Amino acid sequence: MKQPVRVTVTGAAGQIGYALLFRIASGAMLGDDQPVILKLLDITPALEALEGVRMELEDCAFPLLAGVECTDDPNTGFKDTDYALLVGARPRGPGMERKDLLEANAAIFSVQGKAINDHASRNIKVLVVGNPANTNALITQRNAPDIDPRNFTAMTRLDHNRAMTQIAIKTGTTVNDVTNMTIWGNHSATQYPDLFNAKVNGQAAIDLVDQAWFEEDFIPTVQQRGAAIIKARGASSAASAANAAIGHMRSWALGTEGDDWVSMGVYSDGSYGIAEGLIYSFPCRCCNGDWVIVQDADINDFSRAKMQATEQELIEERDAVAHLLG
Ligand code: NAX
């Protein structure tokens, strides 16, 4: 049996946390041969609820669960951590402007970035789920200057999975037939789900649908899916978000399949002309615990305009929190 690795989950007492922790402990994220020590971080008023989650984790008697620690202190929560899933965030309150939301979250993620910098493993892999995920990931990364910026990522895998299912339904196939899906840019309503590079049974997905459906149905459905879930369920996506987080980390740690790729919000190196240093969602392949941005995706004028619009939003978000970027 391998040595246990430490996995920190923030916002562990929340609804995504509840859908996530049991799957990490079962081996779904890092494999059936990888024991884990779970480190659960939440705010002080949530500590009692967190104890309840710990008890339930213990009661599952998961063979791979080597320990559970609960804390409200980021310095303790990130100590020696190998994997961190930053789920806890400040939700938008009544009357809160976008800028207020960015600032409230910037305060949380700058503290966590510093704690990661000071206490975590130098090889830590960080996934930010809490919204606004890309900019929260940027703030975390910029406050952890001693750690490689490539170790900080944001989640667009839920959007990726949503897009795969929508094209599968439209073409009368299943997600097993869909490959090479890409979500470009921000995890927000400006994201661009790309059907020019996606394939269904090896054929370009765009050739199987009409352009009007792509532009007027597919793109808005994927972009607005989070809002549709809130309207229907009275609560935001939780199990599907947790599932996407498991998928993101699993691909990163254990690799992507063959020629296929996944969508990950990663540190931009200027690929496809996207501003360097933004956390932008690109098509990525993973191998040996590392990711690379796929370089040969086809970009036409339509795609270019959509990719730039979502880039522009990320630039504006970055500029709004510039004073907290460390
Ligand atoms: P909940 O409100 O159920 O849980 C959030 C938890 O975070 C709470 O337990 C809270 O006490 C904790 N928390 C708040 N501040 C904290 C801090 N400073 N340190 C540690 N914990 C803290 O929200 P939930 O539904 O679990 O959603 C969590 C986040 O995921 C939200 O920001 C949400 O917008 C975001 N999402 C991101 C998605 C993505 O695809 N990237 C999709 C799903 C989800 O909407």
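1. A polar side-chain atom of Asn131 lies 2.8 Å from an oxygen atom of the ligand. For His187, a polar side-chain atom is 3.2 Å from an oxygen atom of the ligand. Gly14 takes part through its backbone: one of its N or O atoms lies 3.3 Å from a ligand oxygen atom. Each of these is a polar contact, here a pair of N or O atoms within 3.5 Å; within protein, one must be able to donate a hydrogen and the other to accept it, and residues adjacent in sequence count only if both atoms are side-chain atoms. The ligand taken alone exposes 890 Å², and the protein buries 79% of that. These areas come from the Shrake-Rupley method with a 1.4 Å probe; for residues, only the protein chains shown count as cover.

2. The model is predicted: local features need pLDDT of at least 70, side-chain atom pairs count only at pLDDT 80 or more, and totals for chains, interfaces and linings use all residues. Residues are numbered from 1 along each chain as its sequence is written, and side-chain values use heavy atoms, with hydrogens and water left out.

3. There are 22 residues around the ligand (a heavy atom within 4 Å of it). Gln15, Ile16, Asp42, Val129 and Asn131 come nearest.

4. Asn131 also begins an unusual peptide bond. The bond from Asn131 to Pro132 is cis, with omega near -5°. Most residues other than glycine have a negative phi, and most peptide bonds are trans. Pro132 sits in the loop between β5 (125-128) and α5 (133-142). Helices (H or I, at least four residues) and strands (E, at least two) are DSSP runs, numbered from the N terminus.

5. Two residues that are not glycine have a positive phi: Asn201, at about 50°, and Tyr272, at about 55°. Asn201 is in the loop between β10 (199-200) and β11 (203-204), while Tyr272 is in the loop between β12 (262-267) and β13 (279-287). Which of the two labels, buried or exposed, fits Asn201? Asn201 counts as exposed because its relative accessibility is 54%. Tyr272, with a relative accessible area of 13%, is buried. The cut-offs are under 20% for buried and over 50% for exposed, with partly exposed in between (1.4 Å probe, protein chains only).

6. The protein chain is divided into domain 1 (5-154) and domain 2 (156-321), with bounds from an automatic or database domain assignment. Their C-alpha centres lie 23 Å apart. The contact between them (heavy atoms within 4.5 Å) takes 37 residues from domain 1 and 38 residues from domain 2.

7. The largest nonpolar core has 73 residues, and among its members Val7, Leu57, Leu85, Ile167, Leu195 and Phe218 touch the most others. Such a core is a set of buried Ala, Val, Leu, Ile, Met, Phe, Trp, Tyr and Cys residues joined through side-chain atoms within 4.5 Å. Helix α9 (residues 239-254) gives the largest share, 8 residues. Each of the two domains supplies at least three residues to this core. Apart from it lies another core, of 25 residues, including Ala84, Leu86, Phe109 and Val128.

8. Trp291 lies in strand β14 (residues 290-293). Trp291 counts as buried because its relative accessibility is 2%. Not counting residues up to four places away in sequence, Trp291 touches several others, among them Arg150, Trp252, Met264 and Cys284. Trp291 and Ala305 are 14 residues apart along the chain, and their C-alpha atoms are separated by 26 Å.
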